[in-house]
Structures are given as C-alpha cells and as structure tokens.
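Me: I would like to go through the terms used for this model and see how each one follows from its cut-offs. Could you take them in turn?

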Amino acid sequence: VRGLCPMKQVLHQKLDNTLIFEARFESGNLQKVVKVNDFEYQLTLRTDLYTSRHTQWYYFQVSNTQAGMPYRFTIVNFTKRNSLYKYGLRPLLYSEADAKKHNVGWRRTGNEIKYYKNNVDKGGRRYFSLTWTFQFPHDRDTCYFAHCYPYTYSNLQEYLVDISKDPVKSKFCKICILCHSLAGNIVYVLTITNPPESGNDTKRKAVILTARVHPGETNSSWIMKGFLDYILGNSHKAQRLRDTFVFKVVPMLNPDGVIVGNHRCSLTGQDLNRKYKCKVKKCYPSIWYTRNMIRRVMEKRDIFLYCDIHGHNRKQNVFMYGCEREQQPKAPYLQPRAFPLLLSKNCPDKFSFPDCRFRVRKSKEGTGRVVMWKMGINNSYTLEAS
C-alpha cells in the first residue's frame, strides 16, 4: 500500500486550509475523506480487514488545522441501528499542542452530535451517520480523533517491559509467550502470585482473566491495566490476593486486529469470541492456546473464576454476563449471581447488577464465557463496560 500512495499529502498552495487526514499508523482505520466545503468533511471508515462490516471503531489524525473555526465531520458508514452517541457519548480529541503546552491528553469534544439513518443502501444493508461540530484549539496543530481512548499493542509492550524491569514486581509476575498470532505478534500470558513459603502452591485456586478479543473495545484494555496496577501494587489487599490465588492473565487476545485498527475481527475476518469451540489451532492460535492453557491449569488446581473483559457500544454502566442452567436447585442457581452481586455492593456507583444477564443463548455458545463454564468453571463471566 505504501508503494502505491504517498505517505504525506502535499498542499499545493501556501494558503490552502484543507485539512490533511492520516490513518496509516497503529490502530488507525480511516478509508476515505471527501471535502464538502471549507469546514465540512465526510468520512468513510475502513471495514474490518477481509469483511464488509464492523465499522464502529475509528482513530485518525488531522493536521493543517485552523483554530476557532466551526468544523463539521460526518462519518457515513456505521452499521449499527443504535448507539450511545444518541445518549450523550461524544467523540474523543487529542491535540499535540495542548499535550505539549498544557499537559492535556484525550478529552471528549463535539456539539450538535447526531446519530441517524442515512440514505446509503448497499446490497440491502442500511447505513447510519454520526455527525458533530467542533473547533480546533490551535492553528497548524496535529490532532487525533477516536471512538474510545486508544490502547495499542505498543502500549501493552511498554507496560510489560516496565513490569519486567521492576525488581519487586518481576518477582511475583512472570511474563511468558503464550503463542504467536497469525501475523507473528506475541500473545503474552502473565502468571501473578506470591512465591509460596513451603514451595508448594497447588492448594491455591486460579483466577483467569483475558481482554481485548475485540480490538475496538479499548476500554477492556484500560480495565485490564487498572487490574494489573492494583494486583501488582503493595497494598495489603493486593498482597493477600497474591497469597491466596494464582492469576493467569492474557491481556491482549487479538494483537493483529488491534494493530490494523479492526473493530471486532482478527486477520481471518472472524470474531475470535465465537471460536472457543473450534479445534483449528492454525486459524485462531490465541484462542486455541488460551483454552489449552486453562485445561492445563485445571489439571493442577481448581479455577475459582474466569472473566473475559469487553467494552459495550450500546449499553451504559459496567455489568456482567454469567452462565446458569435453566433448571437448577435453588442454592446452586444463585451461585453465578453471587460474584456480580458482590461487585454491585462494593461499587454501586459503577457496577449495575440489574444490567447483568445469566441466560446462555444459543448464539453465544462459542464464547469464552460459555465454553469455560461447560469445561467446569462455575464462576465464568464476561465483564462489559460502557
């Protein structure tokens, strides 16, 4: 691709105020921009590679800006009928000038935000537009727009390097290679537990945490980072947790999708969170090796909890999906609800128990949550965050 088009757009006149768009960087995914008039632009997002769908995530760069002018951007090829943009969600803006001068990072921006069905109809598929107005804070600035706070594969690698160099954290956090993705990127697995005094820790139960199977759900990576910051900390509670459990953590299940700016799929054009029943190692290595790793852990110790962390684009709050059989005796029937209920009691301002669901739908039978539950993990969840 780089051989066929210039990396930098060239302005032919000094007074040309046309914005310059770029998305050929890690996790970027803009496909096309049409200038409608001096301050209005129509944007088309690139679909997930090898699909014609999944345009929800966006991340792109804009330069040659004019401060204080009323710009309007309209993204024209969303495919979901409903969106949190109808209920107060705003696009994210990052200004390099603000970051340098005022130490200001990503912030929500935009006025006159509308999400609506447009007139585009391709092959019977309806499309929806997101439009907003805004003003750039500085002249000749370089800015970025994103759907949610970006968290790239490079961000993860930098974070893991910091852990490995820390003389304290590296003693109880071992970073290993779980496998390589289709594109050859490393899928990491972390083992977090305090060294046992007797040298035998088989009595410790395991907790399995995974994240970022869907690349556009960057909030899952930030939740994972928050968990790791906490569990690797020196608080009494963190130390007690490390004394009690062995944590196995896969922080980024789909690095290929993250790198290329996909919203939902891997390089196969498939949703990896529907492939946990699949036995083909070659096509979905991170899923195959994660399931295999969990099987090996189960041979050594009980697994207390499995949780796969996601972001949700259409519902508010933080909540969980669990698993329960339709006909269960009363006491075990309550078991999958116990952990989400405790979460809602501990942080009622963030976690919503009424939004939790426990029915296992047929369409979800290939998900990590359901497959791990059928493998024998009673506390098996998907954590969703708005």
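Me: Why is glutamine 61 called buried?

Reply: This is a predicted model, in which local features need pLDDT of at least 70 and side-chain atom pairs count only at pLDDT 80 or more, while totals for chains, interfaces and linings use all residues. Residues are numbered from 1 along each chain as its sequence is written, and side-chain values use heavy atoms, with hydrogens and water left out. Glutamine 61 has a relative accessible area of 14%, and buried means under 20% (exposed is over 50%, partly exposed in between, with a 1.4 Å probe and protein chains only), so the word applies to glutamine 61.

Me: What makes the pair of glutamine 61 and tyrosine 144 a polar contact?

Reply: Their side chains are joined at 2.9 Å, and the term requires a pair of N or O atoms within 3.5 Å, where within protein one must be able to donate a hydrogen and the other to accept it, and residues adjacent in sequence count only if both atoms are side-chain atoms. Glutamine 61 also touches Ile20, Phe21 and Cys143, among others, not counting residues up to four places away in sequence; contact here means heavy atoms within 4.5 Å.

Me: What is meant by the largest nonpolar core, and which residues have the most contacts inside it?

Reply: A nonpolar core is a set of buried Ala, Val, Leu, Ile, Met, Phe, Trp, Tyr and Cys residues joined through side-chain atoms within 4.5 Å. The largest one has 35 residues, and Ile192, Leu228 and Val249 have the most contacts inside it. Leucine 228 touches Tyr159, Leu190, Ile192 and Val249, leaving aside residues up to four places away in sequence. A second, separate core of 24 residues includes Phe60, Phe73, Phe128 and Cys143.
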